[in-house]
Amino acid sequence: MNKPLLLSTNNPGKLKEYRDILAPKGYLIYCPKDLAIEIEVEENGKTFRENSCLKAKAISEYVNIPVIADDSGLCIDALDDFPGLYSARYAASLGGYPAAYADLNKKLEGKSRLARFHCCICLLEKGKKPLYFEGDCLGRILTEPQGNHGFGYDPIFFSDELGKAFGEASEEEKDAVSHRAKAIAKLSLYLCL
Ligand code: IMP
């Protein structure tokens with residue numbers, strides 16, 4: 001029998017990634033929209049763990065099934081992990097991603113360009129402590145955007161594992177090494193043991 005899980009996002013890309021990995025393992029992934037739940041979560045945590053937990057807790061009030069939520073971002077070594085938790089808000093504050101690429105380039109002049117994408121998933125089951133599953137994807141910030149695949153910071157992130165920018169990678173290539181895929185793989189292992 002399919003086991004239900006509610007994923008705290010209405011982002012179709014994220015939903016697909018979770019469904020692709022967890023559906024073959026017998027999980028039926030719902031999103032808030034499927035259950036006519038509307039929530040806005042203020043992501044005011046100080047860590048990826050806190051934010052993923054805030055998102056999971058907000059939605060768990062409405063249902064009696066296990067809930068998962070994730071939080072992710074781009075962490076740049078030389079900028080003390082900036083933009084990190086603020087990845088989406090930083091780009092929005094500058095008017096979009098192209099402006100953020102240019103601003104990061106300026107900030108990185110003469111500095112190390114090492115960076116990683118990080119993803120933290122929180123699993124919340126009624127009456128249990130939250131559990132966290134995390135994944136990283138290492139690489140470098142490019143001086144020029146490359147390719148037009150993916151979203152967000154993909155065109156300026158050169159993945160060490162792929163040997164090319166995420167912006168140039170197919171969906172399948174990115175899913176094989178991405179921070180989110182690694183965190184989902186850990187969650188999947190836990191759920192299926
Ligand atoms: P959230 O996890 O949905 O809150 O997204 C955080 C933000 O981090 C996104 O809006 C992007 O700015 C950035 N980000 C997270 N994962 C990726 C990725 O795989 N590629 C590009 N940008 C990402």
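Asp80 is exposed in this predicted model, with a relative accessible area of 73%, and the residue lies in the loop between β3 and β4. The phi angle of Asp80 is near 55°, a positive value in a residue other than glycine. Ala36 can be described in the same terms: phi is near 55°, again positive in a non-glycine residue, and the relative accessible area of 70% makes Ala36 exposed, because the cut-off for that class is over 50%. Ala36 is found in the loop between β2 (27–30) and α2 (48–60). The two residues are set out below.

| Residue | Phi | Relative accessible area | Loop |
|---|---|---|---|
| Asp80 | near 55° | 73% | between β3 and β4 |
| Ala36 | near 55° | 70% | between β2 and α2 |

The backbone at Pro83 also deserves a check in the viewer. The peptide bond that leads from Phe82 to Pro83 is cis, with omega near -5°, and Pro83 is placed in strand β4, which spans residues 82–83.

Both Phe82 and Pro83 appear again among the contacts of Leu104, which touches Leu74, Ile76, Leu79, Phe82, Pro83, Tyr90, Tyr153 and Ile156, when residues up to four places away in sequence are not counted. Leu104 itself belongs to the largest nonpolar core, a set of 18 residues in which those with the most contacts inside the core are Leu74, Ile76, Leu104, Phe117, Ile141, Tyr153 and Phe157. At least two residues of this core come from each of β3 (67–76), α3 (87–94), α4 (97–107), β5 (114–124) and β6 (131–141), and α4 gives the most, with 3 residues. Separate from this set is a second core of 17 residues, which includes Tyr18, Ile29, Cys119 and Ile184.

Tyr18 and Ile184 also take part in a helix contact, in which Lys14, Glu17, Tyr18, Ile21 and Leu22 of α1 meet Arg180, Ala181, Ile184, Leu187, Ser188 and Leu191 of α6. By residue type, this contact divides into 7 nonpolar, 1 polar and 3 charged residues. How do the two helices, α1 and α6, pack, and at what angle? Helix α1 (residues 12–22) and helix α6 (residues 179–192) pack at an angle of about 40°, with their axes 10 Å apart. The arrangement is therefore oblique, because angles under 35 degrees would count as roughly parallel and those from 65 to 115 as roughly perpendicular. The crossing of α1 and α6 is right-handed.

How values were computed: Residues are numbered from 1 along each chain as its sequence is written. This is a predicted model: local features need pLDDT of at least 70, side-chain atom pairs count only at pLDDT 80 or more; totals for chains, interfaces and linings use all residues. Side-chain values use heavy atoms; hydrogens and water are left out. A nonpolar core is a set of buried Ala, Val, Leu, Ile, Met, Phe, Trp, Tyr and Cys residues joined through side-chain atoms within 4.5 Å. Buried means under 20% relative accessible area, exposed over 50%, partly exposed in between (1.4 Å probe, protein chains only). Helices (H or I, at least four residues) and strands (E, at least two) are DSSP runs, numbered from the N terminus. Contact means heavy atoms within 4.5 Å. Axes are lines fitted to C-alpha atoms, for helices over the stretch in contact, and angles run from 0 to 180 degrees between N-to-C directions. Angles under 35 degrees count as roughly parallel, over 145 as roughly antiparallel, 65 to 115 as roughly perpendicular and the rest as oblique. A crossing is left-handed if the near helix is turned anticlockwise from the far one by less than a right angle, and right-handed if clockwise. Ala, Val, Leu, Ile, Met, Phe, Trp, Tyr, Cys and Pro count as nonpolar, Asp, Glu, Lys and Arg as charged, and the others, Gly among them, as polar.
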